[in-house]
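Please take a look at this protein and describe how it is put together. A short report for a newcomer will do.

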Amino acid sequence: SGSFVTRYGVKRRELEHIQLLPNVQQVVPFREIDLGVRYFDRSESVRLIGTTETAIDVTRLRIQSGRFFKKKELQTRNNVIVIGKGLAKTLLRGINPVGKSLIIGNRYYLIIGVASSQQKPGNGLEVYLPITTMKSLFGDLDIVRGPGSFSVNQFETSYVVVTVKNQARREQSVEQIQEILKHFHGKKKDYTVKLTSGTTGR
């Protein structure tokens, strides 16, 4: 048996530097982990997505019922979640999910909203929660188990969406972001920066 730790990704201190760039409007981190959730005796494999309250502004998430989490719930690391409509259908089976709780790990998380994504085609088996709550639950580690061994991935973000104030200067903003990442990562190119419509950075 054996194990190793792989460290990669954009870190929180780098996001702080990116946020200070003059043309940057929002810096929205996302961290994703695949795991199982439970509702009484039912279970489902989901994509757990930690992010901030501003994710609703930079993604094509549509709240179908309830609401998205607020800044205060990030600050207090509340155990609140917003689930995808596919999970609501498969796990709760016709029950109104808002106000019910799912078990993640060994903790209960209150469902405050149901969302559908127009940006990410998929089965709707996502669970969104405050990224601060996610950090208190998992730290910065993701353990992947295999036959006779396991690996440990250490990362603070899976990807980051950056919005800019002036679209005419977004290519300049991309160059500035690349310089910041190059400064912190050196020769280790464990990131990519993509220019998309209305946003920069991932």
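Is Thr163 buried or exposed? This is a predicted model, and in it Thr163 has a relative accessible area of 8%. The cut-off for buried is under 20%, so Thr163 is buried. Its place is in strand β11, which spans residues 159-164. Thr163 also has a partner from far along the chain. Gln25 is 138 residues away in sequence, but the two C-alpha atoms are 5.4 Å apart in space.

**Overall make-up**

The protein has six helices and 13 strands. Of its 202 residues, 45% count as buried. Long-range contacts feature strongly here. Take the contacts with a separation of 6 or more: residues 24 or more positions apart account for 70% of them.

**Nonpolar cores**

In soluble globular proteins, nonpolar side chains tend to be buried together. Here the largest nonpolar core holds 22 residues. Which of them touch the most other members? They are Ile81, Ile83, Leu87, Leu102, Ile104 and Val127. Both strands and helices feed this core. The strands β2 (24-39), β3 (42-51), β5 (80-84), β6 (101-104), β7 (107-117) and β8 (126-130) each supply at least two residues. So do the helices α4 (85-92) and α5 (131-138). Apart from this core lies another one, of 17 residues, and among them are Ile49, Val80, Ile131 and Val161.

Leu102 shows what membership looks like. Leave aside its neighbours within four places in sequence. Leu102 is then in contact with Ile81, Ile83, Leu87, Leu91 and Leu92, among others. Its contacts also include Val37, Arg38 and Tyr39, as well as Arg107, Tyr108, Tyr109 and Ile111.

**Two helices that meet**

Two packed helices are described by the angle between their axes and the distance between the axes. Helix α1 covers residues 12-19, and helix α6 covers residues 170-185. Their axes come within 10 Å and cross at roughly 150 degrees. Angles over 145 degrees count as roughly antiparallel, and α1 and α6 are therefore roughly antiparallel to each other. Their crossing is right-handed.

Which residues meet there? From α1 come Arg13, Glu14, His17 and Ile18. From α6 come Ile177, Ile180, Leu181, Phe184 and His185. By class, the contact has five nonpolar, two polar and two charged residues.

Helix α6 also holds Ser173. At 2% relative accessibility, Ser173 counts as buried. Not counting residues up to four places away in sequence, Ser173 touches Leu21, Asn23 and Val164.

**Inside and outside**

Ile33 sits in strand β2. Gly50 is 17 residues from Ile33 along the chain, and their C-alpha atoms are separated by 8.6 Å. The table sets Ile33 and Ser173 beside two loop residues.

| Residue | Place | Relative accessibility | Class |
|---|---|---|---|
| Ile33 | strand β2 | 3% | buried |
| Ser173 | helix α6 | 2% | buried |
| Phe40 | loop between β2 and β3 | 65% | exposed |
| Arg93 | loop between α4 and β6 | 56% | exposed |

The two loop residues deserve another look. Most residues other than glycine have a negative phi. Phe40 has a positive phi, near 55 degrees. Arg93 has a positive phi too, near 50 degrees.

Conventions
Residues numbered from 1 in each chain as written. Predicted model: local features only at pLDDT ≥ 70, side-chain atom pairs only at ≥ 80, totals over all residues. Heavy atoms only, no water. Core = buried A, V, L, I, M, F, W, Y, C linked by side-chain atoms within 4.5 Å. Buried < 20%, exposed > 50% of the residue type's maximum accessible area, 1.4 Å probe, protein only. Helix = DSSP H or I, 4+ residues; strand = E, 2+ residues; numbered from the N terminus. Contact = heavy atoms within 4.5 Å. Axes fitted to C-alpha atoms, helices over the stretch in contact; angles between N-to-C directions. Parallel < 35°, antiparallel > 145°, perpendicular 65-115°, else oblique. Left-handed = near helix turned anticlockwise from the far one by under 90°. Nonpolar A, V, L, I, M, F, W, Y, C, P; charged D, E, K, R; others polar.
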